[in-house]
Amino acid sequence: MCGIAGIISSDIDLRNEKNALINISKSLRRRGPDAGGRLILKDAALIHRRLAVIDPENGAQPMRFGNYIIVYNGELYNTDEVRRELTGEGYGFDTACDTEVVLKAYDKWREKSPERLNGIFAYGIYNTCTKELFLCRDRIGVKPLYFAKIKGTLAFASRLESLLYVKGIEPICDREGLNEIFMLGPAKTIGKTAFQQIEELPPASYMLYKEGKSVTKKYWSLEAKEFFETEAQAREHTRELVKDAIQRQLVSDVPLCTFLSGGLDSSIISKVASDSFCAQGRTLSTYSVDYRDNEKYFKKSLFQPNSDSDYIDIISDYIGSKHTNIILENQAVADALIDAAYARTCPGFTDVDSSLLLFCREVKKDFTVCLSGECADEIFGGYPWYHRKEILFEDTFPWSRTTDVRRGILKDGFLPEGEEYARSAYLSTLKSVSSLDTDTALEKRMREMFVLNLNWFMQTLLIRKDVMSMEASLEVRVPFCDWRIVDYAYNMPWSIKSLGNREKGILRKAFENELPYDIVWRKKSPYPKTFSPEYFKAVCKMAEAALNDKSSPINEMLNEKAIRALMNNPDSLSEPWYGQLMRAPQVLAYIVQLWAWSKKYKVEFEY
């Protein structure tokens, strides 16, 4: 994995913007600590930071072929197939890296080339002859790509912060940005950011930019199709797709491990990986995370019925992995909230972010690549809101069903259009859902839920995983995001997907003979969070500092009395802020991140 950036301009002499380009490269260093490359032309600058995973000796970027120059961030999982096809077309290859394959695929197929790629990626290709830039992002949106267009200039980067070093781009957050932060956050609308001038290239999209004009097109989208397989065929097909995705993502020239929570998804990945390692005479290393003294304070809930620690030993012993359980200190998790906000360049998923950042830093001490189980819940119906009819058919985001908690921390009258903004985002998503005339009301709603989860909840988790892992210079791959699995699962009838009336029923049945019974049939448990009062105490202290900073513009927005009441009585929160993980401590942490972000980047709020 890598960090990429570029500036295409008719107005700026890029050879005189050395300080800006140096700062952009520095901002990407953690994404690519192994090497840096830069190419500066009169009208274009391309920047690359490399985390070497495949063919470390070669593959330096920016890479050139004919008139084309590429900066690429990602991993291609069908490199061999595409290379063979290109070789048959007369292309030769000088490296074993996928960057060269992507570049020559573009030379051969132009805008159609992304349709041939299976992987996680974001890249830019500049044509030195026509002065045209091609930007592209993977189908699911695992790898980020941001851009800004100003005064005849287009700038793009893997990180939001990188773009703030570009001349003419200011850290302005307007009403739309504030609605994203307060009414939708930590989720966000695809294509938008908290900054007025900076946009996101949507997943499964490419952009062509030339002489100040751009066009963006989607090259893939979910399409409703008839499903003709039997239950038994679907079970085997699911098993084959998942195993193939995992095995493809085990390719690495540097040390590789897996995250193992004791849940179904990470256990499947670790089992397949362990089998592959054993066949090579190697032992798989697995990692889990927990918090100091968490067993003392764990509380069962609808979303978290049991502790992961009860199951990790079962699966680790079963697959014979070398397992490490990393224990995080609660004060450190609170302290890392600031680093996590800086890594995102916006307030985010609070301690769900900061704990992952600390966890990845520990794993990085011994490994460079890791496989993780994100996104099976979204595509195979793993969350309670798929199964509880009173939530399923409620006409709103199931993980953020009202804006009451959000509205409660804001001053009266602030962002009066907030509810309408959130409602519009929800309805706009539903309009994009592809369905069949033969779909029942339940099947149609399940398609809607699939797209809602794919475009919102899953995107939140993918941004979190990419940003926090890459901030630790650790590449994390997510096999369940293989677009073939997503496409297949979209058209699977709910009666098959939820076999046995269980969340992820088809996935459980597909692997029931390869994993211990207790692992296959345990209730879903989310990413572990701290239950320690020490963490809440630490966050309250940080929130106190934010509220007492009268120079901060966020105090013009917040209801201080309501926030202090929450600090004094955290159980008063009527429902989570977001999903199952953001309750009173996380609401306060969100305010801390908002405060820290606005100070560091000197954010100008326009409302």
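Which backbone nitrogen does a side-chain oxygen of N559 reach at the start of α22? In this predicted model, the partner is the backbone nitrogen of K561, and the side-chain oxygen of N559 comes to within 3.2 Å of that atom.

Helix α22 spans residues 560-568. Its residues I563, L566 and M567 are buried. Viewed down the helix axis, the buried residues of α22 fall within an arc of 105 degrees, so they line one face of the helix. An α-helix has 3.6 residues a turn, so residues three or four places apart point the same way. K561 and N568 lie on the other side of α22 and are exposed. The cover over the buried residues of α22 includes α21 (533-548) and α23 (584-600).

Helix α23 also gives the most to the largest nonpolar core, with eleven residues. This core has 119 residues. Those with the most contacts inside it are I169, F182, I198, F259, V363, L588 and W597. Leaving aside residues up to four places away in sequence, F182 touches R406, L410, F414, L415, M557, L558, W577 and L594. A second, separate core of 84 residues includes Y68, Y91, L208 and F277.

Y68 also belongs to a strand pairing: its bridge partner in β6 is N127. Nine bridges join β5 (residues 68-76) to β6 (residues 119-127), and the two strands run antiparallel. The open sheet has six strands in the order β4-β5-β6-β7-β12-β13, with antiparallel pairing. β4 (63-65) and β13 (213-218) stand at the edges with a single partner strand each, so one side of each is left without a neighbour in the sheet. The twist averages 20 degrees from one strand to the next. Helix α3 (residues 98-109) lies across β4, β5, β6, β7 and β12, running at about 125 degrees to β5.

Notes. Residues are numbered from 1 along each chain as its sequence is written. This is a predicted model: local features need pLDDT of at least 70, side-chain atom pairs count only at pLDDT 80 or more; totals for chains, interfaces and linings use all residues. Side-chain values use heavy atoms; hydrogens and water are left out. Buried means under 20% relative accessible area, exposed over 50%, partly exposed in between (1.4 Å probe, protein chains only). Helices (H or I, at least four residues) and strands (E, at least two) are DSSP runs, numbered from the N terminus. The arc is that of the directions from the helix axis to the C-beta atoms. Contact means heavy atoms within 4.5 Å. A polar contact is a pair of N or O atoms within 3.5 Å; within protein, one must be able to donate a hydrogen and the other to accept it, and residues adjacent in sequence count only if both atoms are side-chain atoms. A nonpolar core is a set of buried Ala, Val, Leu, Ile, Met, Phe, Trp, Tyr and Cys residues joined through side-chain atoms within 4.5 Å. Two strands pair if DSSP finds at least two bridges between them. Axes are lines fitted to C-alpha atoms, for helices over the stretch in contact, and angles run from 0 to 180 degrees between N-to-C directions.
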